[in-house]
Amino acid sequence: MTALYNLHVQQNVTMGRYNGKKVPSCYHTPEIEYKAVRENALLVDYSHLSIVRVNGDDAWSVVNHLVSADISIIRDEQGLYTLILDENGLILGDAYVLCTDEGYYILSENLSAEVIIQRLNSILATETALDIQEEPDIASMDSEAWGALLLEGPYSWEVLSQVYGFDIVGLPYHEYMNTDDGLMVFRCGKHGEFAYLLIGEKSQLASTWTQLLTLGEPFNLKTGGLDYQKIIRVENPCWDADTYQAFSRCPVELQMQWAVQYDKEDFVGKAAISEKASRGATRRLVGMMPLSAGSGIALGDKVMIADKEVGIIVKSAYSFASRSDIILALIDNDYAYSDIDGFDIHTVLGKVASRTHNMPFLHNFSLLVSPTEHSYIDDSKPKSSL
């Protein structure tokens, strides 16, 4: 066991397995952790993240062929979000790619390091057109006991600046900085809030975890487990294998074409996804909300208009911010528009009148917080633009 893992065990928290690794599921009730990430700051052990290093002169060629985004646009200390597709153009997982002066790091919370390395090696073995002159050095950072923490929430920047100074305040989205304690701090976020990944050796992460708990007290920082994402990933959808893969892995249906760079050079799955995009989807992911409380809507329930089945429920959750159930559904293309009434969801308890809703479901509080103008603890500054 690592020092970071021991910190959780000492707190007797509920542990779970994510992406093949054991990390906390929760520290507090769902509502406490939800409020922390939406209103101030939540600290989570993100060591389920697979981290693969790809170094060498030809690292670009093999990594760029693996992912759907064009990594040509990033330079040292920059990163980007991308999908990893299979040969049929369907989503295997998502990842961040971080550029370094020696190559790249591939970070994925739903693909294991073994799978990523296997696919990189497959590209090296079969894609002779890439003209690889020198095979890159490919390694899982598990071998160096690396892990990650995620600090997320409207004031996470201010908490982290207590450790690393005001360079954090000026860190642009999808850029990272190397810190004096040997970590990388990557500004990212899938849920619409300010968010920072701290990446490096777990012994240092354990030390930083303890430091953040102390410095975070004035900010009402909470610790959390990964189950907090069960709600916020419905409010702000992104690729989530547990949610989608039983229904669809198609970027066109899931409205994730923005993560596919169709005009880049060839990549795994490009021909298949280009054909799907040109043909168009017959159904699309949309948000929905019931028009009454206590709906009992469940996975797989049918979406109907009159007696016609037009869709299926993919996910539902109770949003503490919206004070309502919120729903993700795959709807036939002709009906997949926002703010449309007239739908009934057929549940085991009966019909629930519902309407479609634009996504994301929330206007994040982080949109009202400016690191240069606001503060959670400085009484001389307002807390937000509200």
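Is cysteine 188 buried or exposed, and what is its relative accessibility? In this predicted model, cysteine 188 has a relative accessibility of 4%, and it therefore counts as buried.

**View 1. The surroundings of cysteine 188 and cysteine 26, two cysteines that are in no disulfide.** The number of disulfides in the predicted model comes to zero, where a disulfide would need a pair of cysteine sulfur atoms within 2.5 Å. For cysteine 26, the nearest cysteine sulfur belongs to cysteine 238 and is 20 Å away. For cysteine 188, the nearest cysteine sulfur is likewise that of cysteine 238, at 11 Å. Cysteine 188 is buried, whereas cysteine 26, with a relative accessibility of 24%, counts as partly exposed.

**View 2. A negative patch on the surface that includes aspartate 101.** The patch is formed by Asp76, Glu77, Asp101 and Glu102. One of these residues, aspartate 101, is placed in the loop that runs between strand E6 (91-99) and strand E7 (103-108). Because its relative accessibility is 65%, aspartate 101 counts as exposed, the cut-off for that word being over 50%.

**View 3. Threonine 2 and alanine 206, which are 204 residues apart in sequence.** Threonine 2 is found in the segment that comes before helix H1 (3-10), and with a relative accessibility of 28% this threonine counts as partly exposed. Although 204 residues of sequence separate threonine 2 from alanine 206, the distance between the two in space is 8.7 Å, taken from C-alpha to C-alpha.

How values were computed:
Residues are numbered from 1 along each chain as its sequence is written. This is a predicted model: local features need pLDDT of at least 70, side-chain atom pairs count only at pLDDT 80 or more; totals for chains, interfaces and linings use all residues. Side-chain values use heavy atoms; hydrogens and water are left out. Buried means under 20% relative accessible area, exposed over 50%, partly exposed in between (1.4 Å probe, protein chains only). Patches are made of residues with over 30% relative accessible area and no salt bridge: like charges are joined within 9 Å, nonpolar side chains (Val, Leu, Ile, Met, Phe, Trp, Tyr) within 5 Å. Accessible areas come from the Shrake-Rupley method with a 1.4 Å probe; for residues, only the protein chains shown count as cover. A salt bridge is a side-chain nitrogen of Lys or Arg within 4 Å of a carboxyl oxygen of Asp or Glu. Lys and Arg count as positive and Asp and Glu as negative; His and the chain ends are not counted. The place of a charge is taken as NZ of Lys, CZ of Arg, CG of Asp or CD of Glu. Helices (H or I, at least four residues) and strands (E, at least two) are DSSP runs, numbered from the N terminus.
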